[in-house]
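Thank you all for coming; I would like to walk through one model this morning, taking the strands and helices in turn and then a pocket. Please have the sequence and the structure open while I talk.

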Amino acid sequence: MTPDAALGHALALARSPRTPARAAPPPRRPYPWTGTPLALPATAPDPDGPVDLDHLLRHSLRARPGTGGRLRPAASAGALHPVRAHLLIGPGCTLPPGRYAYDPEVHRVFRRGPAPHGAAPGVIAVLTATAERTAAHYGHRAWPLLLLDTGHAAAALALAPQGPGVRVCLDADAATLAAAAGLPPADRWQRIRPGTEAEHPLAAVQVTPRRTQRTAPALDRWAALPLPHRTRTPARPPARPCGTGRLLELLGAATRTEPTWHPVRRPATVTGRALLERRSADPATLGHPPDGDTVARLLHTAATAWSGGPAWCAAVAHPAPALLAPGHRTAAPYRLARGDARPSLAHWAAGQLWLGGTGAVLLAHGCPSDALAPQIRHDHLAAGFAAGTAHAHAAAEGIAARPVGSWQQADLGASLGDTPDRDWVLHGLALGAAR
């Protein structure tokens with residue numbers, strides 16, 4: 001079976017009503033990095049100074065104290081936190097240049113090697129996904145959630161910097177990303193790092209100092225460095241590759257062009273405080289509808305967060321039940337269809353019945369059934385990125401929000417009378433009234 005055929009079959013299965021076969025959840029593995037964990041230097045806020053890595057990671061990926069090890073405020077594939085960050089640090093940061101791995105539970109980094117000569121100023125965060133725990137819980141529905149979660153993590157990192165100079169890449173080849181981060185390819189992982197779980201690189205975020213001329217990320221220079229071999233001795237038998245991991249390998253290799261780096265600007269109202277206070281809201285808090293202007297603003301944010309990503313619309317019940325599409329630029333949304341879509345969404349979203357009475361739902365949709373691997377990867381990563389951006393914007397405006405990642409039989413196009421199998425719901429963000 002070709003990679004595209006294998007992914008097409010996996011996509012159809014993930015969208016089917018078939019109930020996942022769940023396995024016993026494996027315990028969380030310890031982080032495998034060796035050496036002494038290094039504290040991130042805390043500095044006075046200075047948008048014109050070096051990239052403040054403590055601020056960047058504290059406002060994006062750090063585990064929140066008092067939340068039982070929750071690693072991010074955004075939803076994370078059932079709070080399983082499969083996404084990790086490797087930092088490629090050049091000059092102009094608050095840590096010396098080099099390769100590092102970040103442990104969000106202790107908010108520390110592990111140095112894993114030097115930086116190459118001519119490394120670009122600033123930091124490149126390579127985001128990887130581990131499949132074992134998510135696959136045990138969600139079965140054949142796991143891999144789209146892993147892509148969405150990686151997009152959320154990319155958005156968290158992209159929104160955290162205090163100044164401009166942020167770019168995000170969702171289409172770099174996994175082999176290049178792995179080599180740049182000092183990670184072995186998946187087919188050699190167990191031989192080089194026995195007993196540890198393979199990490200699958202899927203995205204990267206670059207942050208440069210404000211007063212530095214923006215340069216190309218130059219991942220190939222990092223990839224030319226030798227592979228570090230030090231690893232923690234495993235305390236349990238070697239990990240067995242799962243089918244979800246193989247799908248992530250295929251998706252990581254799915255790229256048509258040279259890596260593209262998109263500039264990012266966070267919504268004007270999003271502050272550091274909003275990023276820290278953002279939460280995946282309890283469904284019980286989402287029963288009152290936000291006002292129309294708020295829905296329009298958040299829909300515009302989701303639809304414009306990633307150029308060329310999937311389309312977005314909003315299911316609303318107030319003032320009249322309808323499905324709304326974003327207007328051009330700052331124009332008001334226009335009506336795609338009359339009627340209340342929320343009961344259908346509750347059925348499609350793995351039977352999450354609370355969606356039938358939620359205030360409003362933003363929906364990412366696209367990725368036809370016959371999409372090739374690069375589009376499958378891109379549409380899911382971009383949907384996660386846009387939902388993460390809209391979630392932060394909602395938090396800044398005091399709006400409770402909850403991402404919804406699992407969707408079955410959610411053929412939105414067919415439900416609106418269009419050609420079946422062309423326009424599927426990929427992701428959602430449920431909204432409530434202002435707190």
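**A strand covered on both faces**

Let me begin with strand β5, where both faces are covered: on one side V123, A125, L127 and A129 are buried, and on the other side I124, V126 and T128 are buried as well. I should say at once that this is a predicted model, and everything that follows should be heard with that in mind. Because 7 of the 7 residues of β5, which spans residues 123-129, are buried, the strand is largely enclosed by the rest of the structure.

What, then, are the partners of this strand? On one hand, strand β2, residues 83-89, is joined to β5 by 7 bridges, and the two run antiparallel; within that pairing, V83 has A129 as its bridge partner. On the other hand, 7 bridges also join β5 to strand β7, residues 200-207, again in antiparallel fashion. Two of the bridge partners here can be picked out on your screens, namely A203 in β7 for L127 and Q206 in β7 for I124.

If we step back to the sheet that holds these strands, we find an open sheet of 8 strands in the order β1-β4-β3-β2-β5-β7-β6-β8, with antiparallel pairing. Its edge strands are β1 (38-39) and β8 (262-263), each of which pairs on one side only.

Helix α5, residues 174-181, lies across β2, β3 (98-103), β4 (108-113), β5 and β7, and it runs at about 65 degrees to β7.

Before leaving this part of the chain numbering, how much of helix α8, residues 243-252, is buried? The helix is mostly covered, since 7 of its 10 residues are buried, and those buried residues are T244, G245, L247, L248, L250, L251 and G252.

**The other sheet and its helix**

I turn now to an open sheet formed by 6 strands, whose order is β11-β10-β9-β12-β14-β13 and whose pairing is antiparallel. Here the edge strands are β11 (334-338) and β13 (399-404), each pairing on one side only. Averaged over the sheet, and with direction ignored, neighbouring strands are turned by 25 degrees against each other.

At the β13 edge, 5 bridges join β13 to strand β14, residues 424-434, and these two strands run antiparallel; if you look for I399, you will see it standing opposite A434 in β14. Helix α12, residues 373-396, packs on this sheet, where it touches β9 (311-316), β12 (360-366), β13 and β14, and the direction of α12 makes about 5 degrees with that of β14.

**A pocket to look at**

Finally, the second largest pocket, which has a volume of about 390 Å³. Its lining consists of 22 residues, and those that lie nearest its centre are R297, H300, T301, T304 and H393. Which elements give two or more residues to this lining? They are α10 (292-304) and α12, the helix that we have just seen packing on the sheet of 6 strands. Of the two, α10 supplies the largest share of the lining, with 6 residues.

As for the character of the lining of this pocket, its residues divide into 11 nonpolar, 7 polar and 4 charged.

Terms used:
Residues are numbered from 1 along each chain as its sequence is written. This is a predicted model: local features need pLDDT of at least 70, side-chain atom pairs count only at pLDDT 80 or more; totals for chains, interfaces and linings use all residues. Side-chain values use heavy atoms; hydrogens and water are left out. Two strands pair if DSSP finds at least two bridges between them. Helices (H or I, at least four residues) and strands (E, at least two) are DSSP runs, numbered from the N terminus. Axes are lines fitted to C-alpha atoms, for helices over the stretch in contact, and angles run from 0 to 180 degrees between N-to-C directions. Contact means heavy atoms within 4.5 Å. On a 1 Å grid over the protein atoms alone, a cavity is a set of points where a 1.4 Å probe fits but cannot get out, and a pocket is an open set with protein on both sides within 12 Å along at least five of seven lines; lining residues have an atom within 4 Å of a point. Grid points are joined across faces, edges and corners, and a volume is the space filled by probe spheres set on the points. Ala, Val, Leu, Ile, Met, Phe, Trp, Tyr, Cys and Pro count as nonpolar, Asp, Glu, Lys and Arg as charged, and the others, Gly among them, as polar. Buried means under 20% relative accessible area, exposed over 50%, partly exposed in between (1.4 Å probe, protein chains only).
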